[in-house]
Amino acid sequence: MENGYSSKSLPLDAPAGIRIRGPLSEPSLNRILSREALQFVADLEREFRPRVKFNLGCRREEQARYDSGELPGFDPATRELREGDWSCSKTPAVIADRRVEITGPVERKMIINALNSGAKVFMADFEDSLSPTWDNIVRGQKNLCDAVNRSISFEDKARNKHYKLNDKTAVLFVRPRGWHLQEAHIEIDGEPATGALIDFGLYYFHNHSSFRSKHDGYGPFFYLPKMQHSREAAVWNAVFDRAEERMAAPRGSIRATVLIETLPAVFQMHEILYELREHSAGLNCGRWDYIFSFVKTVRAHPDRLLPDRFQVGMTQHFLKSYTELLIQTCHRRGVHAMGGMAAQIPIRDDPAANDTAFELVRADKLREVKAGHDGTWAAHPGLIELVTKVFDDNMPRANQLHIKRDDVRVTEADLLQMPRGVRTLEGLRHNTRVGIQYLAAWLTGTGSVPLYNLMEDAATAEISRVQNWQWIKYGAVLDGEIVAVSVSKELFGRVVEEEMGRIEREVGKKRFESGRYREAAALFARQCTKEDLDDFLTLDAYRHIVKFVPALQARL
């Protein structure tokens with residue numbers, strides 16, 4: 001017995017070369033890691049691991065060029081493809097109308113509430129809104145199996161409430177982890193498995209047939225995160241082809257929407273759609289990760305310091321250009337152009353503040369539908385009615401694929417224009433307070449956290465981290481101070497100490513002492529003050545949530 005789990009609950013019938021190193025909290029989870037399922041994901045890993053590694057190496061090489069002074073741009077070698085006349089496969093009728101989508105982690109109660117929310121689509125998330133503890137990953141797969149089979153239920157004993165699916169539910173999409181994340185609890189041929197292939201492979205293996213039977217022969221449906229180049233989309237397309245072939249599923253039955261949430265990817269949108277054209281369900285404006293990526297990509301450019309996070313809104317020229325180019329690109333190729341996340345949540349104890357928040361959401365969604373988006377995201381079920389009405393009032397058809405946006409003329413300079421605004425001490429404080437609290441929750445297994453009336457996930461925590469790092473690295477001068485103040489490690493150290501005191505007062509001493517706030521503060525501060533910026537906060541934090549049991553390896 002280790003970590004409270006019996007090693008006997010581990011699957012003992014693993015195929016050759018597969019080593020399961022994570023505990024399972026209940027025997028019912030063993031079927032997720034059946035011999036057949038593990039063989040399926042191992043085959044994907046062995047075939048595609050070299051291509052994944054190659055692409056991660058290409059990312060490092062490209063970032064080295066940006067660090068040397070270059071900036072991303074459109075690839076001259078693929079100009080003919082961008083200007084060519086081609087289309088993606090027709091969108092299946094079952095997902096023709098996606099006007100409002102809700103997102104959230106693969107937690108049991110969340111899945112039921114989101115599927116019942118009235119949204120057209122629920123994106124169940126293994127990525128930014130999930131802390132990838134081993135239990136969360138495996139239990140999430142079981143939850144999705146039960147959801148697809150409509151057997152999912154949840155008993156909230158504290159509230160004496162029973163949750164089950166309505167007759168009519170949202171269409172399920174699943175977001176696997178990005179290519180850069182590993183799954184340390186599964187080793188294949190002596191190496192940690194690729195998190196994306198574990199998430200996709202287990203879900204597809206267990207659910208492909210049942211899902212297609214309920215969705216006119218199409219699916220399962222996916223969201224694909226964090227890509228930077230079309231060659232990464234080509235890997236996903238090959239994975240889909242192989243999975244369909246292995247399971248005797250129709251070619252092109254899998255459909256996926258790609259999140260354009262990195263600065264390099266915005267210059268590759270036509271190319272990404274082309275690689276996935278048989279499997280494409282469009283593109284999405286992953287706005288928060290896009291802002292994070294913008295800072296990360298230009299991290300070696302001291303003349304490109306962003307203003308306070310809350311001033312970097314979608315009306316800033318570089319973000320407006322990005323969304324309009326995405327809409328034009330998608331509609332030219334016959335697929336959906338999905339809008340971004342409304343991170344606001346209902347404020348139940350302050351009606352005036354709640355009204356203000358809802359007006360911000362309404363204005364944001366009106367901007368999106370007027371621009372030509374086919375749908376949008378909301379973070380909370382309480383926003384679904386509001387957002388649906390905005391789209392219903394302004395989008396009488398199932399989508400807006402007929403709006404081609406031929407008026408859009410976006411250049412590299414438009415996409416690289418710096419946002420305008422001020423940098424303030426309060427901005428530094430807010431980044432620090434949010435980053436520490438989010439990371440403290442993430443370390444205890446929670447990846448989606450309501451903070452200061454917004455739903456925060458890894459993407460927004462990343463903005464806080466990289467913006468702090470950028471300001472410290474280049475000694476940003478803060479606006480609004482009587483005496484000129486430059487951000488330094490010393491100033492940041494005082495801010496961390498003072499914000500930790502504020503966090504303790506806000507959450508209470510008991511919760512503060514029992515949580516992982518001090519560990520989170522140390523990790524966050526180290527990330528913000530490193531000489532060289534780490535690519536992702538979660539890569540460093542992941543080792544703090546890995547828990548192994550004595551290794552079991554069968555039939556080697």
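**View 1. Residues 423-545, end to end.** Over residues 423-545 the chain is 64% helix and 8% strand, with helices being DSSP runs of H or I of at least four residues and strands E runs of at least two, numbered from the N terminus. The end C-alpha atoms of this stretch are 34 Å apart. UniProt lists residues 423-545 as "domain: Malate synthase C-terminal" in an unreviewed entry; such annotations may be inferred rather than shown by experiment. This is a predicted model: local features need pLDDT of at least 70 and side-chain atom pairs pLDDT 80 or more, while totals for chains, interfaces and linings use all residues. Numbering runs from 1 along each chain as its sequence is written, and side-chain values use heavy atoms, leaving out hydrogens and water.

**View 2. The two domains.** An automatic or database assignment splits the chain into domain 1 (351-399) and domain 2 (425-543). Their C-alpha centres lie 30 Å apart.

**View 3. Helix α18 and its packing.** Helix α18 (residues 517-529) has 13 residues and should span 18 Å at 1.5 Å a residue, which agrees with its end C-alpha atoms being 18 Å apart; the expected span is 1.5 Å times one less than the number of residues. Its buried residues (under 20% relative accessible area, 1.4 Å probe, protein chains only) include Tyr517, Leu523, Phe524 and Gln527. The buried residues of α18 pack against α14 (425-443), α15 (458-473), α16 (489-507), α17 (509-514) and α19.

**View 4. Aspartate 540 in helix α19.** Aspartate 540 sits in helix α19 (residues 537-542) and counts as buried because its relative accessibility is 13%. Leaving aside neighbours within four places in sequence, aspartate 540 is in contact with Leu523, Arg526, Gln527 and Asp534, contact meaning heavy atoms within 4.5 Å.

Terms used
Buried < 20%, exposed > 50% of the residue type's maximum accessible area, 1.4 Å probe, protein only.
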